[in-house]
Amino acid sequence: METFPLDLAGLLAIAAGLGWASGIRLYATLFVVGLAGRLQWVALPDGLRVLEHPWVLAAAGLMLLVEFFADKLPIVDSLWDSVHSFIRIPAGAALAAMAFGGQGVEWQTAMAIVGGSFAAGAHLAKAATRVAINLSPEPFSNLVTSLGEDSLVLLGLWLMFAHPWLLLAFLGLFVALLAWLLPKLFRLLAGRRRVSRRAASQPR
């Protein structure tokens, strides 16, 4: 069985990584982490052992399949993201807090804030990017982006257990990139909406 450091850095990487990954692929995160613990590929913190339960794995696996296909259909993916605005962020906060189960309510509260913030940032970046991509008439960029997100989440989950310091560094870069990218995406979306409104208001 692989081991990873259950020191402060390792726990921080798990809490922040679960929050970030939940903002992009919640059900894949639940299933992959639970399955890895169930198969004893990794040793999960006590607070996350519930993810190894067969019923939790079955539910997460079913929702993973639904999300996998829904996320690759233009327009459907944006509707899916809209609904999951109310699910991914609190789930990311809860998973981050669970990673620090037994460490005290102060740590759990702090990690809930951290995990929820990473989940919110990842979800916002994903949803805004998908809306921008869906404005394009061709469907292939949506599929490629979705597969890229799948791969990125799997890479992040692997780093979370194998190389926690690398994941923490990656998340630091993610925050910097998010601060640079989101204003540009919102300006792009606002500009395209203004163009669409002008086109719709012109007499035919």
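Select H3 and H5 to begin: their crossing is left-handed (near helix turned anticlockwise from the far one by less than a right angle; clockwise would be right-handed). The contact brings together Asp77, Ser78, Asp81 and His84 of H3 with His123, Lys126, Ala127, Arg130, Val131 and Asn134 of H5; contact means heavy atoms within 4.5 Å. By class, this contact has two nonpolar, four polar and four charged residues. Nonpolar covers Ala, Val, Leu, Ile, Met, Phe, Trp, Tyr, Cys and Pro; charged covers Asp, Glu, Lys and Arg; the others, Gly among them, are polar.

Helix H3 spans residues 76–84 and packs on H5 at about 155°, with axes 9 Å apart. Axes are lines fitted to C-alpha atoms, for helices over the stretch in contact, and angles run from 0 to 180 degrees between N-to-C directions. The two helices are therefore roughly antiparallel (over 145 degrees; under 35 is roughly parallel, 65 to 115 roughly perpendicular, the rest oblique).

A word on the model. It is predicted: local features need pLDDT of at least 70, side-chain atom pairs count only at pLDDT 80 or more, and totals for chains, interfaces and linings use all residues. Residues are numbered from 1 along each chain as its sequence is written, and side-chain values use heavy atoms, with hydrogens and water left out.

Keep H5 (residues 105–134) and add H1 (residues 8–38): the angle is about 35°, the axes 7 Å apart. This crossing is right-handed. On the H1 side, pick out Leu8, Ala15, Gly19 and Trp20, among others; on the H5 side, the contact residues include Trp107, Met111, Phe118 and Arg130. The H1–H5 contact has twelve nonpolar, four polar and three charged residues.

Next, Gln40. Find this residue in the loop between H1 and helix H2 (54–70). Its phi is near 60°, positive in a residue other than glycine. Gln40 counts as exposed, at 52% relative accessibility (exposed is over 50% relative accessible area, buried under 20%, partly exposed in between; 1.4 Å probe, protein chains only).

Now jump to Trp165, in helix H7 (residues 164–201). Trp165 is exposed, at 64% relative accessibility. Add Leu12: the two C-alpha atoms are 9.4 Å apart, across 153 residues of chain.

Finally, show everything. The protein has seven helices and zero strands; helices are DSSP runs of H or I, at least four residues, strands are E, at least two, numbered from the N terminus. Of its 204 residues, 43% count as buried.
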